[in-house]
Amino acid sequence: MRHAYSVETVRAAEKALMARLPEGALMQRAAAGLAVACGDLLRRNGRVYGSRVLLLVGSGDNGGDTLYAGARLARRGAGVRALLTAPDKVHRRALDALLAAGGQVLGGPPLGAFGPVDLVVDGITGIGGRGGLRPEAAELVHAVTGGHAPVLAVDLPSGVEADTGQVLGEAVRADATVTFGTYKPGLLIDPAAEHAGALRLVDIGLAAELPARPDLEALQYADVAALLPVPGAESDKYRRGVVGVAAGSERYPGAAVLAVAGALRGGAGAVRYAGPGADAVIARFPETLVHPGPPSKAGRVQAWVAGPGLGDSSAAARAVADVLAADVPVLVDADGLRLMDAGAVRARTAATVLTPHAGEAAALLGVPREEVEAGRLAAVRELAARYDATVLLKGSTTLVAEPGDAPVRVNPTGTSWLATAGSGDVLSGLTGSLLAAGLAPRDAASVGAYLHGLAARRASAGAPVAAQDVADAVPAAWRDVRA
């Protein structure tokens with residue numbers, strides 16, 4: 001499990017740790033890890049000795065980490081030069097260490113005299129930076145990162161918001177980021193995560209000072225494998241979970257097919273379909289149990305999925321209301337999000353999972369879509385609190401939140417190939433099957449998103465992929481996780 005903590009929490013943990021260590025020891029730990037990461041990048045394209053490294057150095061500890069790491073690289077034979085963005089606030093001891101090791105300080109742009117660069121290290125602002133880069137710093141970044149040299153960010157890319165993942169102005173786009181002690185939310189949530197590149201965590205001994213509950217967490221293979229509902233020797237189709245699907249319409253029969261596909265591929269013991277798309281569903285999946293509706297008459301289920309492709313008819317609205325009245329976990333997606341009654345959702349005693357994309361989330365919150373896309377973490381938390389439901393906010397980084405103070409989960413397997421019609425219908429069915437199998441709503445949503453992303457990566461292999469291909473690749477993703 002990857003854990004991420006807020007700036008306030010990290011600062012408090014660092015303060016507690018520094019009180020037990022010799023002065024400067026924590027910075028030296030960070031600098032040592034940063035220097036190793038820089039060396040690894042340099043060796044990919046050559047070697048450390050004789051390489052040309054440009055440090056962009058800001059004020060405070062972030063700049064100090066950068067300068068001390070530069071000193072270590074200089075002692076290994078790299079040509080290290082530093083551009084100071086705040087010369088009057090530079091970390092003096094770290095600067096002296098760089099100069100003593102043979103590093104140099106540049107006076108500033110123009111940079112033509114510096115010649116080619118093999119690595120740019122971004123140490124302008126740290127986790128305390130707010131509001132994007134200042135104009136002069138942004139101009140400097142544009143000047144030195146326009147070539148072919150990789151950019152490595154220190155702790156997080158300068159200009160992004162550490163706590164929220166927002167990018168409120170100009171920001172560095174790094175090829176890799178070395179972060180210290182723990183991940184920060186902005187490294188895992190878009191749009192800031194897009195600026196971070198490959199992540200590397202350096203252990204500086206902070207774990208013992210951090211609270212048990214993080215602000216954000218990301219499941220890894222082992223976490224997902226531990227949650228997967230694997231049938232036992234005594235299992236039958238009913239014990240494995242029966243999921244009901246209320247989806248599709250005469251206009252959108254394919255949504256019903258894809259939601260059922262996700263449910264079947266997700267391990268449901270049986271799928272009951274209730275709605276007008278029965279012929280299309282049976283033609284593709286003859287094992288499905290079909291009923292014309294309403295959902296409450298379709299037979300017993302352990303969970304319901306409602307909404308994909310229902311349209312906006314009065315019959316669709318009745319189907320959603322019928323599902324919400326059930327005393328089993330319910331997942332609401334797509335058209336169901338528009339048709340559901342907010343009061344009915346909040347009044348439910350069984351679990352509810354809502355799976356909006358940014359546009360649907362914006363409509364539920366009554367804000368512009370751009371506001372949701374820029375502040376995904378705040379949006380998913382507000383939705384969970386407002387509707388008293390578990391919310392899976394789909395997007396470039398899918399987030400899962402539930403009411404209360406449990407950590408928000410971020411899905412690490414997302415891929416842009418999922419931006420295709422019907423992929424959300426597959427995710428709904430897949431997550432519904434996990435709910436029917438007995439997973440808690442937060443776990444079902446998290447595991448569903450993880451397998452969905454993994455299946456899309458497997459199916460696409462870097463090429464265009466259709467939603468049915470994603471559904472068909474879910475069993476292979478399941479095997480990958482359990483291997």
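Let me start with the sheet of seven strands: it is open, its order is β4-β3-β2-β5-β6-β7-β8, and the pairing is parallel. Its edge strands are β4 (104-106) and β8, each pairing on one side only. From one strand to the next the twist averages 25°.

Before going on, the ground rules. This is a predicted model, in which local features need pLDDT of at least 70 and side-chain atom pairs count only at pLDDT 80 or more, while totals for chains, interfaces and linings use all residues. Residues are numbered from 1 along each chain as its sequence is written, and side-chain values use heavy atoms, with hydrogens and water left out.

Now the terms. Helices (H or I, at least four residues) and strands (E, at least two) are DSSP runs, numbered from the N terminus. Two strands pair if DSSP finds at least two bridges between them. Angles run from 0 to 180 degrees between N-to-C directions, and the axes are lines fitted to C-alpha atoms, for helices over the stretch in contact. Contact means heavy atoms within 4.5 Å.

Back to the strands. At one edge, β3 (residues 79-84) and β4 pair in the parallel sense over three bridges. There Leu 83 stands opposite Leu 106 of β4.

Towards the other edge we have β7, residues 176-180. Three bridges join it, in parallel, to β6 (residues 151-154), where Leu 152 stands opposite Ala 176. Five bridges join β7 to β8 (residues 198-202), and these two also run parallel. In β8, Arg 200 is the bridge partner of Val 178.

Is β7 mostly covered or exposed? Mostly covered: five of its five residues are buried. Buried here is under 20% relative accessible area, exposed is over 50%, and partly exposed is in between (1.4 Å probe, protein chains only). In a regular strand the side chains alternate between the two faces of the sheet. In β7, Ala 176, Val 178 and Phe 180 point one way, Thr 177 and Thr 179 point the other way, and all are buried.

Two helices lie across this sheet. Helix α3 (residues 60-75) lies across β2 (52-57), β3, β5 (119-123), β6 and β7, and runs at about 165° to β2. Helix α4 (residues 92-100) lies across β2, β3 and β4, at about 115° to β4.

Next, the sheet of eleven strands. This one is open too, in the order β1-β9-β18-β17-β16-β15-β14-β13-β10-β11-β12, but with mixed pairing. The edge strands, each pairing on one side only, are β1 (2-4) and β12 (289-291). On average, neighbouring strands of this sheet are turned by 20° against each other, direction ignored. Strand β11 (residues 270-274) is joined to β12 by three bridges, and the two run parallel. The bridge partner of Ala 274 in β12 is His 291.

Helix α16 (residues 423-436) packs on this sheet, touching β10 (242-246), β13 (303-306), β14 (330-332), β15 (352-354) and β16 (390-393), and its direction makes about 165° with that of β13. One residue of α16 to look at is Val 426. Val 426 counts as buried because its relative accessible area is 0%. Leaving aside neighbours within four places in sequence, Val 426 is in contact with Leu 258, Gly 262, His 452, Ala 467 and Ala 471. Val 260 is 166 residues away from Val 426 in sequence, yet their C-alpha atoms are 7.6 Å apart.

Last, pockets. On a 1 Å grid over the protein atoms alone, a pocket is an open set of points with protein on both sides within 12 Å along at least five of seven lines, and lining residues have an atom within 4 Å of a point. Grid points are joined across faces, edges and corners, and a volume is the space filled by probe spheres set on the points.

How much space lies in the largest pocket? About 1,100 Å³. It is lined by 49 residues, with Gly 58, Ser 59, Gly 60, Asp 61 and Asn 62 nearest its centre. Elements giving two or more residues to this lining are α1 (7-18), α2 (25-44), α3, β3, β4 and α5 (135-144).

The second largest pocket has a volume of about 630 Å³. Of its 28 lining residues, Lys 394, Gly 395, Leu 418, Ala 419 and Ser 423 lie nearest the centre. Helix α16 gives the largest share of this lining, four residues.

Methods: 1 Å grid on protein atoms, 1.4 Å probe; cavity = no way out; pocket = protein on both sides within 12 Å on 5 of 7 lines; lining within 4 Å.
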